[in-house]
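Got your viewer open? Let's walk through this model one selection at a time, and you can click along as we go.

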4 protein chains.
Amino acid sequence: MTNPPPVIGIVVMQPISYESYMIMKLKTVLAQKRSKYQNIEIVELSEYGKALVLDGLVQSTEVDEYIYHESLVHPAMITHPNPKKVLIVGGGEGATLREVLKHSTVQEAIMVDIDGDVVELCKKYLETLHAGAFENPRAKVIIADGKEYIEKTNEIFDVIILDLTDPYASEIAQELYTAKFYRKVYERLAEDGIMVTQAGSSFYYEEVYDRVLESVKEVFPIVKEYNVWVPSFGYACNFIIGSKKYNPEELTVQEVDRRLNERKVTTKFYSGRTHIALMNLPIYRKSKVR
Amino acid sequence: MTNPPPVIGIVVMQPISYESYMIMKLKTVLAQKRSKYQNIEIVELSEYGKALVLDGLVQSTEVDEYIYHESLVHPAMITHPNPKKVLIVGGGEGATLREVLKHSTVQEAIMVDIDGDVVELCKKYLETLHAGAFENPRAKVIIADGKEYIEKTNEIFDVIILDLTDPYASEIAQELYTAKFYRKVYERLAEDGIMVTQAGSSFYYEEVYDRVLESVKEVFPIVKEYNVWVPSFGYACNFIIGSKKYNPEELTVQEVDRRLNERKVTTKFYSGRTHIALMNLPIYRKSKVR
Amino acid sequence: MTNPPPVIGIVVMQPISYESYMIMKLKTVLAQKRSKYQNIEIVELSEYGKALVLDGLVQSTEVDEYIYHESLVHPAMITHPNPKKVLIVGGGEGATLREVLKHSTVQEAIMVDIDGDVVELCKKYLETLHAGAFENPRAKVIIADGKEYIEKTNEIFDVIILDLTDPYASEIAQELYTAKFYRKVYERLAEDGIMVTQAGSSFYYEEVYDRVLESVKEVFPIVKEYNVWVPSFGYACNFIIGSKKYNPEELTVQEVDRRLNERKVTTKFYSGRTHIALMNLPIYRKSKVR
Amino acid sequence: MTNPPPVIGIVVMQPISYESYMIMKLKTVLAQKRSKYQNIEIVELSEYGKALVLDGLVQSTEVDEYIYHESLVHPAMITHPNPKKVLIVGGGEGATLREVLKHSTVQEAIMVDIDGDVVELCKKYLETLHAGAFENPRAKVIIADGKEYIEKTNEIFDVIILDLTDPYASEIAQELYTAKFYRKVYERLAEDGIMVTQAGSSFYYEEVYDRVLESVKEVFPIVKEYNVWVPSFGYACNFIIGSKKYNPEELTVQEVDRRLNERKVTTKFYSGRTHIALMNLPIYRKSKVR
């Protein structure tokens, strides 16, 4: 490389896998808190802008969060022909909520995050991420354990979105990646309901990912996995849709674009063409070659 | 992250961009040479197996090279209905040659690499990469400056594949990313010929990438860009097709699979569905959000 | 190593030499400023407490700054039998000033630092370092170019202490490591005056260090070099004394302790025994073995 | 820092403490072996030459090993007026043996290392370290557990040198840092015998170090600790002498130099002056300031 300036000074050292790290230049630390559940840091990265970091792992950055959040939310939301009531578990940044609320069909979006400190800090420091979503009259934010919420609520949802820390990362999310939990999710979905979960990296943590995938398959009749590279994660992030009735693979470019247009959803990454790409891109797995 | 073993001992510290690095655990160094053009290292990485490293940048690893090489070779090769004569510039590992030779239509594949030391070391240490391609009677390997070769040869090719180090990396490849060079390539292509070049990262080096893209557009009537995440690079690698007649976007899943089948091409990553995904996946760019 | 917790999250990546780095876990960033001269960061490190970082290089930390500052100040101050008037060039943290003022013989200590932003930020965030020295009635702080100050002043000093960034680091200090500058220093010293300068690492930057050492030798009749490991620097820091009359090597343990006691100087690192150790410890040099 | 070339490519990432690392540029890997006890690597570092690395920790490098080995061996050897029979436990590189054999008084030096693979690899690749010591007729190398050897032997030694991996590092050495073991060592020493052990870093691992120091004090009437910076370790290495009769602090510069001369010992680091420095330099401890 011809004369890259050396990366010195303050950096974030992020584990990508058991045997690799990513080092990113940091501009400043905006806030830090040890909450009841995790280490929370709001930082500004040289290449990615402001970012939420939990237990040393980047969750979202201003520069590339749209790739993650649009890929998490819209395939499931668009696959459902008329999502009115949506539940988000996790998603403390408010960006998942922001994307959900873009769909004009949505009458109520409930977001349940266990860590009130994450929500407070994101509200204060990451305005470009929530973009006012927390104040939207259709939004309702509940600070509670998502697992307990799902077990106790009587509400029925059209779409449930699980926006959690990685299944192999901090312990707080691990029970939310089990068949037992997905069965509770299934029960809280309408008869044509659909759920989606982020699922970490199938490439670097294939065994953990396979357990999650099998768990979704145990519960839902229609299961679709897809993955998309998120630069600040250092890997392609996987997502798994579990659906009772609608199959995300059956949508055409035109139908996706028609629905986006009808619902007045504007995006930077997701579109009819992106939907087709995500539905067709191979899932990254090391076992393919070993 | 719950108890990741610390990454200590011997590692590769690879620049991803001007302000980030990737650190990968290394098992052993198999060979090292300072050639006339670059520092060559053949190493074994814990997570990726054997790998070729040039000037500190991973070029190919046993575990994920198929993603890069299949994505480089097959979209262009399949778009051409009957590629008989193919030129590869660069590609010292022999893996691009290996993929080209999979197409039963190919009668002659000429590979021109400037650095004989890279070819020698790859031949000796990276057998899984070339997989015997160098010995294939349809293959011809020439150690020469690709630019000079293209300027002097009278041969005409159906497909030309540029498998070079990144346009922002070592200086040896920089002249091979210019409109001036692409005009020479155009002249050496049949009237329905097609070329493809790898183009580094549009996300981390957007300006450099844009210059390359504009240069291809100056010369070719049909231009198609696509990108795919390569784990050991730490980013999605971009590719640009320049075509005189055939449009890679017009192929269907079925037609791609039919051609692969007809030509007896077997793959791990590329397929009709992958082709559609690559043609539709958005190009990663920071400027989208800034 | 049995189970060291992995160092992840926010860290400082500090160059030790042209080919090595030190990585230190960071707790938080307290302040950051790009001044006219350098990048200033006040951080809190996990193992070292609060620290001043200039252009990515740790200057002082709460945990080990006493080693550096006592080793810089006291050998020269104690070698002089009655230092009344002292000049400090650099030393923005105020810790060098703090050590100088411990000597009851001192009637006036003038500190000249080029960067008012460093002084302001240290005053505000690094109280344990200056420990009120800036408010001491015997102290006078001048924000000015040390070189210009020395050239223009008519004052005569007993001791002059050069507490600058490394000679091979940021450009702002480079002219203050030349024979030309040392001649000006010589002129501003009383006829039995003594000066001392920190001089970076003789081990990692031997050529640069040798030029500095030769420059002091060109000007002063008595020259004594010594070095001491400073943990947060990642190396042993060198110091060079230039003296007109008194030889630091001639002091006994007892005489050093007597003077410290007489002047009511209390220390954590420096003592009669430490003086003897510093005067006798070999200077680290790679050339010794090559 | 003005334009340091970025440290990229293959490096060694060495833990210095629980919260810091040292990164050193690597030229090549000469040999690697997973022995029964540890990961053994013989590498060549850009700044330090060839080096032995055990479990990711640098043990010795060509460039600075003399600092460590001379500081380990000579203070104890010189303190004894006539060391004839010496036992080394550990010290697989042969450099400790090399230093011991420099003393013309020595009639027999027995080296007991548990890991025959370390000895074999060092013999083959690190000639500058052992410098032929293994072939010296006064030397005897035994591959055995040092603890068991000491328990079973009937031999009596004038000096016993414990050259082990750090007490907080790999488990193999931990029992050799206990009072129980030191009592066995005591029994195997002549009535005017003396032992010395390396003891890792008192600065970064103060608690572990204190346990070792207390253990030596439990057993020996005369105990002397000293420390010296070893560049490639990233810290000052501590040593502890336990002596039955002779006090290393009572030697003068002249007496040390006289004995070195008499015994025909030539050195690069150690001398009468160095002895005085080591005996007087403060021990690095974080608790001093906390």
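Start by selecting residues 11-60 of chain A: that's domain 1, while residues 65-288 make up domain 2. These bounds come from an automatic or database domain assignment. Before you click on, know that this is a predicted model, where local features need pLDDT of at least 70, side-chain atom pairs count only at pLDDT 80 or more, and totals for chains, interfaces and linings use all residues. Residues are numbered from 1 along each chain as its sequence is written, and chains are lettered from A and ligands numbered from 1 in the order in which they are written.

Color the two domains of chain A separately. Their centres, taken over C-alpha atoms, are 22 Å apart. Where they meet, domain 1 of chain A puts in 22 residues and domain 2 of chain A puts in 22 residues; two residues count as in contact if their C-beta atoms, placed from the backbone, lie within 7 Å.

Which strands of chain A should you highlight on the domain 1 side? Pick β1 (9-17), β2 (20-34), β3 (39-45), β4 (49-54) and β5 (57-61), since each gives at least two residues to the side touching domain 2 of chain A. That side of domain 1 of chain A holds 13 nonpolar, six polar and three charged residues. Here Ala, Val, Leu, Ile, Met, Phe, Trp, Tyr, Cys and Pro count as nonpolar, Asp, Glu, Lys and Arg as charged, and the others, Gly among them, as polar.

Now zoom out to the whole of chain A. Switch to cartoon view and look for nine helices and twelve strands, which are DSSP runs (H or I, at least four residues, for helices; E, at least two, for strands), numbered from the N terminus. Along its principal axes, the C-alpha trace of chain A spans about 55 × 45 × 35 Å.

Next, select I161(B) and show its neighbours. Leaving out residues up to four places away in sequence, I161(B) touches L72(B), V73(B), A76(B), V86(B), I88(B), T96(B), V100(B) and V196(B).

Last stop: show chains A and B together. Rotate chain A by 180° with 0.0 Å of shift along the axis and it superposes on chain B, with an RMSD of 0.0 Å. The fit is by least squares on the C-alpha atoms of residues with pLDDT of at least 70 in both copies. That is the relation of a two-fold axis. To find the axis from chain A, click A277(A): its C-alpha is the nearest one in that chain, 1.9 Å away.
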